[in-house]
Amino acid sequence: MAVKQEIKSQLAKLLATEDIIVEHKQCETAQFNVQTRVLTLPLWEKASNDVYDMLVGHEVGHALYTPDDWSWEGKIPQQFVNVCEDVRIEKLMKRRYLGIAKSFYRGYSELHDKDFFEVVDEDLSTFNLADRANLYFKIGSFLPISFSDVEKEIIDLIQNAETFTETIAAAETLYHFCKQELQQQENQSQEGDQEDPFQQHSPSDSSGTGSDDTDSTDNLGSSVSDADSDADVEGGSSSPNTGSGNSDSNDEPTVETAESLAGSIMDLVNHNGIENVYVEAPDVNIENVIASNKEIHEDIDNHFAQEQVHYSGRKEKYEFLQDDLFENVDVEYKKFKNEAKKEVSYLVKEFECKKAADSYARAATSRTGVLDTTKLQTYKFNEDLFKKVSILPDGKNHGLVFILDWSGSMSHVMSDTLKQLYNLMWFCRKVSIPFEVYAFSQEWKRAKMDYESGQWNHIDPEPIYEEKEYLLQMDHNFALMNLFTSKVNAKTLEHQMLNIWRIACSFDRDIRCYYQYPHRLCLSGTPLNESLICLHKILPQFQKENNLQKVQCIVLTDGEAAQLPYHKEVDRHWEDEPYLGSRNVNPNHVFFRDRKLGKTYPIGYAYHEFTDMLVQNLKDHFPTTNFIGIRIMESREASYFIKRYYNEWKEPDAYGKIMSEWRKKKTFTIKTSAYDAYFGMSSSALSQDSEFDVDDSATKAQIKRAFVKSLKTKKLNKKVLGEFIDLVV
């Protein structure tokens, strides 16, 4: 039923023409808070689609037309205001949405057939005017309901009310009439055979039956919003201070049909069902999350200096060791940097060409107020005698934010992932695009080395958000390490890139290293989802600091993380205060809600579906930002990854096309994920040498193989980089 409920949530939003927040809760009556714009609907799991649509449409009517006005409270019982206001808001809904009249008609017909008003075998002439009016505007098309001439005037007041003020006036008239009628009946019973002054109410003296006018059959008996701005769709009891709605009272009239309807609609609620839960992202204190670029590389430099000292001692003992601790990895870095120059130049060329083409497409030519003397002689047959000027709009200011996966599963592909990252960073440097690179970690905050004493000091991390019930839970040890930034000079950036390259090489068992990586930068879990939540603060801050028009976000990862749990209060009998624990999300009844956008997102069962939901939420907040995923993987992982987004059996053509592209080019682009583009790239293909280098004594076959291998590698890089530029420009 959760899927059905969320579909009805979209119906409510469409009817309200705004992103109101719709919640399905374990409650007895529907409520609408006119201030926070939250519509709470019960779990009407026993209601048909027609009844559900009618109930939703009715509550949206309150959202659109019922004001937060309580000046009438204490003067008129709430039940009477409910009867009159429901007529007005449903009339306005039918006027605004012509098709909704059918939903109301079918819904009322079903309620009548099931005797929700408990009027079967009842003499309607014995009901007071409020009850008969209630029935008339709800199911008047299905019941013969008659009114006297005096009563018709009150019915017309109710039916013709266009404003809330007019509705209150009609409700007051209805209430006083019913109260006077009740007093007359009590007097009659006390005086015995005194003549009833309201004999004209009998069917023999009355006229009028159920109306065929759709506007006269619309009333659900729901209440106007209460003091907390809640609207009771079933027309429940009145406010405590009105004294109405109590069947035991002998001096106040009641609307018993409204109470019957309220009770019957409550029976539609599945009281044993699981209540929907709406979780939200916490408001993260980003300052307690980000580890500064300076602090990180100071720690790395201190660690490597210590490693140098230890290595010198080993070198004296074992002469076969290489002269420099980092000799082999530094050579590989320099080699890669030289090879990457061609890819970077290609990126720059593509970027400049596409940017120039975009500027040309947006160029405009305008005439000035200065005469062009070279055209004066053509004045007899040419009106275009003024000088022209070409107006080229300013190009967009770009900026890139990178999120790098620093989890344990990245150890064997970290070097290859860094190659793609470094290509993009060098490109940004060449075209003067500001950038920031963050690597997520759960280890940075755990302990800190005092390099002078050689002691580890435990770190008590500052909380990164205030824990509250129904907020997604984040680890306070979570950190975003600012590995690189465009704010530093070229020399410093080069040193920092070499630092991280050395660390990445130490993770790879296939690379021989004589040193240990810094323990604070060791690989950890995968707090990717936490990083996406933090982007809500990072992206606008980055854009503001650099005065940018367009920001791109690139996520480099080898996979997604588990769904985040949410905080939940639990009452424990041995404690005075509720304990704030945590609970795993259940996609059947747990939904992610964004109050700022007024949107609710379903949470999928798979890890990648939870991540896609957070990415989609980011795209809704930042519609001009492209979110790009880059996944470096081994060949055996490609099929499993592609099947996440293309079903092998339901979409054989699409699946086969992507797999064919992977086999031929060792790369593919997925467009069906939440990312604007999700690039899959082969780690083995990226690690191949793209240089065409053969020995002088190489045979013709060897030269051919080397040339083909070089072309394939270059083709792979250029394809992905070209698609990347298309998104960035």
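**Exercise 1. Helix 5**

Task: In this predicted model, which residues of helix 5 are buried?

Solution. Start with the span: helix 5 covers residues 129-139. Next, apply the cut-off: buried means under 20% relative accessible area. The residues that pass are Leu129, Ala130, Asp131, Arg132, Ala133, Asn134, Leu135, Tyr136, Phe137, Lys138 and Ile139. That is eleven of eleven, so helix 5 is mostly covered. Now look at the start of the helix. There, a side-chain oxygen of Asn128 comes within 3.2 Å of the backbone nitrogen of Ala130.

**Exercise 2. Helix 3 against helix 4**

Task: How are the axes of helix 3 and helix 4 oriented to each other?

Solution. Two packed helices are described by the angle and the distance between their axes. Take the distance: the axes of helix 3 (residues 78-96) and helix 4 (residues 100-113) come within 8 Å. Take the angle: they cross at roughly 135°. An angle over 145 degrees would count as roughly antiparallel, and 65 to 115 as roughly perpendicular. The crossing fits neither class, so helix 3 and helix 4 are oblique.

Now list the contact. Helix 3 brings Glu90, Met93 and Lys94. Helix 4 brings Ile100, Ala101, Phe104 and Tyr108. By class, this contact has five nonpolar, no polar and two charged residues.

**Exercise 3. Two aspartates in a loop**

Task: Asp115 and Asp121 each have a positive phi. Is Asp121 buried or exposed?

Solution. Place them. Asp115 lies in the loop between helix 4 and helix 5, and Asp121 lies in the loop between helix 4 and helix 5 too. Read the phi values: about 55° for Asp115 and about 65° for Asp121. Neither residue is a glycine. Then read accessibility. Asp121 is at 79%, so it counts as exposed. Asp115 is at 24%, so it is partly exposed.

**Exercise 4. Cysteines**

Task: How many disulfides does the structure hold?

Solution. The count is zero. Test Cys84: the nearest cysteine sulfur, that of Cys178, is 9.4 Å away. A disulfide needs the two sulfurs within 2.5 Å, so Cys84 is in no disulfide. Check burial as well. Cys84 has 1% relative accessibility and counts as buried. Cys534 is buried at 0%.

**Exercise 5. The whole chain**

Task: What share of the 729 residues is buried?

Solution. Buried residues make up 52% of the protein chain. For secondary structure, the chain has 18 helices and 20 strands. For contacts, consider those with a separation of 6 or more. Residues 24 or more positions apart account for 73% of them.

Key
Residues are numbered from 1 along each chain as its sequence is written. This is a predicted model: local features need pLDDT of at least 70, side-chain atom pairs count only at pLDDT 80 or more; totals for chains, interfaces and linings use all residues. Side-chain values use heavy atoms; hydrogens and water are left out. Buried means under 20% relative accessible area, exposed over 50%, partly exposed in between (1.4 Å probe, protein chains only). Axes are lines fitted to C-alpha atoms, for helices over the stretch in contact, and angles run from 0 to 180 degrees between N-to-C directions. Helices (H or I, at least four residues) and strands (E, at least two) are DSSP runs, numbered from the N terminus. Angles under 35 degrees count as roughly parallel, over 145 as roughly antiparallel, 65 to 115 as roughly perpendicular and the rest as oblique. Contact means heavy atoms within 4.5 Å. Ala, Val, Leu, Ile, Met, Phe, Trp, Tyr, Cys and Pro count as nonpolar, Asp, Glu, Lys and Arg as charged, and the others, Gly among them, as polar. A polar contact is a pair of N or O atoms within 3.5 Å; within protein, one must be able to donate a hydrogen and the other to accept it, and residues adjacent in sequence count only if both atoms are side-chain atoms.
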